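Okay, everyone, thanks for coming. I'd like to walk you through a structure that's new to most of you, so let's put it up on the screen.

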Amino acid sequence: MNTHLSGGRLNVALLQETMRKELLNLLQLCEGPKVTIWDEWLAGPVGLIAQYLLLKDHEVVDMFPLRPGSLPTISVKHIVFIARPKLALMDLVADYIQSLRTKQNSPVEFHLFFVPRKSELCEKTLKDRAVFSYLSIQEFKCDIFPFDSDVMSLELQNDFREYYLEGDPTCLYNAAQALRTIQHLYGIIPRVFGKGPAAKQVWDLLCRLNKEDQGSPPKGSTTSCIDQLLLIDRAIDFTSVMATQLTYEGLIDEVFGIKSSTATFPGERFVSADDATPEVTAREKKRVVLNSSEELFAELRDCSFTVVGAALSKKAHVIKTQLEERHQERSVQEIKQFVARLPQMLANKQSLATHTAIAEYLKETTDSFEFHDTIQCEEDFLNCVDNEKACPFIEDLIAQKAPLTKVLRLICLQCATGSGLKPKLLEYYKRELVQVYGLRTWLTLCNLEKCGLLRPQTGTRHYAVLRKALHLTLNESEMDASEKGYLSSKYIPLAVRLSEQITKNKSWTGIADVLTLLPGSTVDELQTLQPRMARRNSISSENSSSLENPRVILVFFIGGCTYNEISALRNISQQEESNVEYVVLTTKLINGNTFIESLTENE
């Protein structure tokens with residue numbers, strides 16, 4: 001069990017252990033040596049639950065990705081496919097089975113584990129391809145993947161696109177099922193808040209699932225470990241996604257991308273003085289796991305990148321001082337204590353070298369004129385400066401044929417902060433983009449319009465009202481030290497302000513008028529089941545003291561969440577007067593680039 005998952009008030013390691021047992025029990029159904037063929041999208045997330053060494057202990061002799069092509073001859077009895085219920089993947093499974101049946105001399109048993117649930121449509125495809133009868137089908141009910149002690153994700157590949165663009169509500173059903181899993185493990189959540197059309201639908205689905213459970217005996221925890229649930233529909237706040245993330249972890253995600261808590265960097269800066277083969281190290285990509293199991297990363301990840309250099313310098317001085325202690329005259333007892341501490345000190349030194357190299361790579365980006373111009377452009381939009389006319393910086397980027405994702409991201413930010421674009425300006429941007437990037441760009445623009453990321457300006461400037469009412473932007477003079485550490489372009493994500501509201505007032509009271517400016521229904525419900533699953537002295541008892549009863553609030557982002565939003569919530573939890581811990585559940589960890597790319601029509 002990973003210790004970094006059990007560091008918070010909500011024991012996320014329990015989730016990991018439950019999902020791991022589920023997978024191992026399924027593998028034990030296939031007695032003897034076996035080969036697994038993985039849906040490539042699942043390989044990283046499932047690695048957070050069970051790594052290859054553990055699977056090897058359970059007689060998994062080899063692993064292959066599920067992709068077009070043929071496999072080498074496999075000399076084991078069991079071949080296990082592990083895949084999401086996607087039609088394209090079923091065609092690949094059918095191709096593999098047909099190919100392997102013609103090549104294999106020895107008898108082979110085929111198994112298919114659907115993650116998280118099977119689909120009748122997929123089964124029909126397998127029947128149409130005449131391979132269904134050769135398969136033993138099971139469900140690997142893994143709804144949620146644990147990323148850290150306060151972060152969990154469903155890792156749905158294109159959930160926002162599927163729901164808002166293609167009209168497929170499957171992702172909402174998966175979200176409701178994930179919440180049911182959470183409640184089975186950690187108890188019924190007594191108070192539920194939410195905002196947005198998808199949030200309301202997930203809540204309605206959860207109510208239906210709860211009714212189905214009423215006839216069966218209660219599962220898991222009989223006391224509530226979570227006090228409140230806040231459902232946030234991504235569609236109510238595109239601004240937080242489009243703004244560049246300026247925290248250390250957020251910037252790593254912006255520049256290099258983080259997948260399943262792992263980022264990949266060029267090897268040049270990771271060459272150490274005592275490296276036996278520096279040329280090989282420089283050529284190879286360096287994979288770095290980024291989670292709170294590493295003490296230094298846990299300290300740095302939520303800081304603004306501007307303070308990371310000073311923090312690394314301070315840490316270097318501390319490590320140097322500790323290592324120099326060995327030169328001082330000491331008693332035998334003191335030497336033994338130093339030797340006992342030495343492995344940890346050397347690990348800290350290696351960790352410092354790694355994050356210094358990463359910071360140097362990031363600094364190359366943040367020192368560029370283009371980066372500074374981008375941040376200045378974003379700050380102007382966020383402060384409602386010149387966001388109703390054509391932006392010269394965006395025009396320059398289009399003229400230079402800068403990456404389309406970058407240009408669309410800025411235009412969508414201008415649209416979000418202007419509560420739409422003036423019709424003439426919207427048409428002007430469309431015309432310029434199609435002329436420079438080609439006719440296929442028109443399809444992407446249509447997608448962005450259908451999802452509400454691009455729209456003509458009508459009526460009230462909702463963002464301007466929200467900005468003032470909820471203090472979404474602050475001047476330097478208004479920011480305290482903790483806020484300076486996590487604000488992206490001095491902008492506080494809307495979800496953070498909503499979380500602060502329900503933390504302080506335990507209701508939407510005080511901002512009911514403001515909520516009407518956001519799209520979709522508002523959820524404010526009390527969950528009660530018989531017998532009521534409420535923690536003794538829980539916060540649901542209104543007269544209980546918040547000082548005696550620390551609270552856990554689960555914030556569920558439906559449609560994706562950024563690292564910057566997670567950092568902002570952590571910083572609120574860490575303030576001295578705070579007696580609340582936020583745990584983030586999301587359908588997917590995203591940034592502005594990956595979000596735009598998910599809506600782009602590719603060749």
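Let's start with a pair of strands: S6 and strand S7 (residues 151–153) run antiparallel and are joined by three bridges. When I say two strands pair, I mean that DSSP finds at least two bridges between them. The labels come from DSSP runs too, numbered from the N terminus: helices are H or I with at least four residues, strands are E with at least two. If you want to find this pairing on screen, look for Asp-148, whose bridge partner in S7 is Val-151.

Quick housekeeping before I go on. This is a predicted model, so local features need pLDDT of at least 70 and side-chain atom pairs count only at pLDDT 80 or more, while totals for chains, interfaces and linings use all residues. Residues are numbered from 1 along each chain as its sequence is written, and side-chain values use heavy atoms, with hydrogens and water left out.

Now, which sheet does that pair belong to? It's an open one with seven strands, in the order S6-S7-S15-S14-S9-S8-S13, and the pairing is mixed. At the edges you have strand S6 (145–148) and strand S13 (522–526), each pairing on one side only. On average, neighbouring strands in this sheet are turned by 20° against each other, ignoring direction. For angles like that, axes are lines fitted to C-alpha atoms, for helices over the stretch in contact, and the angles run from 0 to 180 degrees between N-to-C directions.

There's a helix on this sheet as well. Helix H7 (residues 170–186) lies across S7, strand S9 (228–233), strand S14 (551–558) and strand S15 (580–586), and runs at about 165° to S14. Contact here means heavy atoms within 4.5 Å.

Let's move to the other open sheet I want to show you. This one has five strands in the order S2-S1-S3-S4-S5, and the pairing is parallel. Strand S2 (60–66) and strand S5 (135–139) are at the edges with a single partner strand each, so one side of each has no neighbour in the sheet. Again, neighbouring strands are turned by 20° against each other on average, direction ignored.

Inside that sheet, strand S3 (residues 78–83) and strand S4 (residues 109–114) run parallel, with six bridges joining them. One pair to look for is His-78 with its bridge partner in S4, Glu-109. And what lies across these strands? Helix H4 (residues 87–103) does, over strand S1 (34–39), S2, S3, S4 and S5, running at about 170° to S3.

Two oddities while we're in this part. Most residues other than glycine have a negative phi, and most peptide bonds are trans. Glu-59, though, has a positive phi of about 70° without being a glycine; you'll find Glu-59 in the loop between helix H3 (52–57) and S2. Then there's a cis peptide bond between Val-115 and Pro-116, with omega about -5°. Pro-116 sits in the loop between S4 and helix H5 (120–128).

Okay, helices. How do H16 and H17 cross? The axes of helix H16 (residues 392–399) and H17 come within 10 Å and cross at roughly 160°. That makes H16 roughly antiparallel to H17, because angles over 145 degrees count that way (under 35 is roughly parallel, 65 to 115 roughly perpendicular, and the rest oblique). In the contact, Phe-393, Ile-394, Leu-397 and Ile-398 of H16 meet Lys-406, Val-407, Leu-410, Ile-411 and Gln-414 of H17. By class, that's seven nonpolar, one polar and one charged. In that scheme, Ala, Val, Leu, Ile, Met, Phe, Trp, Tyr, Cys and Pro are nonpolar, Asp, Glu, Lys and Arg are charged, and the others, Gly among them, are polar.

On to the next helix. Helix H17 (residues 404–417) and helix H18 (residues 423–437) have axes that come within 12 Å and cross at roughly 180°, which makes H17 roughly antiparallel to H18. Here Leu-404, Val-407, Leu-408, Ile-411 and Gln-414 in H17 meet Leu-425, Tyr-429, Leu-433 and Tyr-437 in H18. This contact has eight nonpolar residues, one polar and no charged.

Last stop, a hairpin. Strand S10 (residues 258–259) and strand S11 (residues 262–265) run antiparallel, joined by two bridges. Lys-259 has Thr-262 in S11 as its bridge partner. The hairpin has two residues between the strands, and Ser-260 takes a positive phi near 50°.
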